[in-house]
Amino acid sequence: MGGIGKTTIAGAILNQISSEFEGECFITNVREESEKVGLVHLRERVLSEILEENLKIGTPNLPEYIKERLQQMKVFIVLDDVNKPE
């Protein structure tokens, strides 16, 4: 469903409540970006934004230290324009 401002609304909500979270990530055009750079790159981008550091994992599985950090965090993630779950 396009054209009714869902992305704008999601961004406004994120801006209003982001202070309640330790990490946040808002990625638009997920479908297009995943086709260009792949899902592994998107995962690294999400993790990098949430953890506020430049991560290059390079494996399908997350290292234990990243899992442990994420388990201790309250995060808000918005993925816009996702076409199918994988």
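**Exercise 1. The aromatic pair**

Are Phe21 and Phe76 buried or exposed? Work this out in the predicted model, and describe how the two rings meet.

*Solution.*

Step 1. Start with burial: Phe21 and Phe76 are both buried. The cut-off to keep in mind is a relative accessible area under 20%.

Step 2. Now look for ring pairs. A search of the whole structure turns up one aromatic pair. Its partners are Phe21 and Phe76, with centres 5.2 Å apart and 65° between the planes. Planes over 60 degrees apart count as edge-to-face, and the pair of Phe21 and Phe76 is edge-to-face.

Step 3. Place the two residues along the chain. Phe21 belongs to the loop between helix H1 (6-17) and strand E1 (23-27), while Phe76 is in strand E2. With their positions 55 residues apart, the pair links distant parts of the chain.

Step 4. Check what else meets the ring of Phe21. The charged end of Lys74 sits over that ring, 5.2 Å from its centre.

**Exercise 2. The overall layout**

Find how many helices and strands the protein chain has, and in which pattern they follow one another.

*Solution.*

Step 1. Count the elements: the protein chain has four helices and two strands.

Step 2. Read along the sequence, and the pattern is α-β-α-α-α-β.

Step 3. Add the dimensions. Along the principal axes, the C-alpha atoms fill a box of roughly 40 × 30 × 20 Å.

Step 4. Turn to burial and surface. The protein chain has 86 residues, of which 28% count as buried. Its accessible surface comes to about 6100 Å², and 51% of this belongs to carbon and sulfur atoms.

Step 5. Finish with contacts. Among those between residues at least 6 apart in sequence, 49% join residues at least 24 apart. For a local example, take Ala10 in helix H1. Leaving out residues up to four places away in sequence, Ala10 touches Phe26 and Val78. The C-alpha atoms of Ala10 and Val40, in contrast, are separated by 24 Å.

**Exercise 3. Salt bridges**

Which residue forms a salt bridge with Glu33, and where do the two partners lie? Set this pair beside other salt bridges of the structure.

*Solution.*

Step 1. Recall the principle: side chains of opposite charge can pair when their charged atoms come close. A search of the whole structure finds five salt bridges.

Step 2. Take a pair within one helix. Glu32 and Lys36 form a salt bridge, their closest N and O atoms being 3.2 Å apart. Because they are four residues apart in helix H2, about one helical turn separates them. Glu32 is partly exposed at 40% relative accessibility, and Lys36 is exposed at 65%.

Step 3. Now answer for Glu33. Its partner is Arg45, and the closest N and O atoms are 2.7 Å apart. Arg45 lies in helix H3 and Glu33 in helix H2, so this salt bridge ties together parts that are twelve residues apart in sequence.

Step 4. Compare the cover of the partners. Glu33 has a relative accessible area of 17%, so this residue counts as buried. Arg45, with 28%, is partly exposed. Apart from residues up to four places away in sequence, Glu33 touches Ile27, Thr28, Gly38, His41, Leu42 and Arg45.

Step 5. Go on to another pair. Arg69 forms a salt bridge with Glu53, with 2.7 Å between the closest N and O atoms. This pair links distant parts of the chain: Arg69 is in helix H4 (residues 64-71) and Glu53 in the loop between H3 and H4, 16 residues apart. Arg69 is partly exposed, with a relative accessible area of 32%, and Glu53 is partly exposed at 32%.

Step 6. Look for shared partners. Salt bridges that share partners join Glu33, Arg45 and Glu49 into one network.

**Exercise 4. A nonpolar patch**

Which residues form a nonpolar patch on the surface together with Val75?

*Solution.*

Step 1. Locate Val75: this residue is in strand E2 (residues 75-79).

Step 2. Check its accessibility. The value is 31%, so Val75 counts as partly exposed. Patch members need over 30% relative accessible area.

Step 3. Name the patch. Val75 is joined by Ile77, Leu79 and Val82, and together the four have about 310 Å² of accessible area.

Conventions
Residues numbered from 1 in each chain as written. Predicted model: local features only at pLDDT ≥ 70, side-chain atom pairs only at ≥ 80, totals over all residues. Heavy atoms only, no water. Patch = residues over 30% accessible without salt bridge, like charges linked within 9 Å, V, L, I, M, F, W, Y side chains within 5 Å. Areas by Shrake-Rupley, 256 points an atom, 1.4 Å probe, with all protein chains shown as cover. Salt bridge = Lys/Arg side-chain N within 4 Å of Asp/Glu carboxyl O. Buried < 20%, exposed > 50% of the residue type's maximum accessible area, 1.4 Å probe, protein only. Phe/Tyr/Trp six-rings, centres within 6.5 Å; stacked < 30°, edge-to-face > 60°. Lys NZ or Arg CZ within 6 Å of the ring centre and 35° of its normal. Contact = heavy atoms within 4.5 Å.
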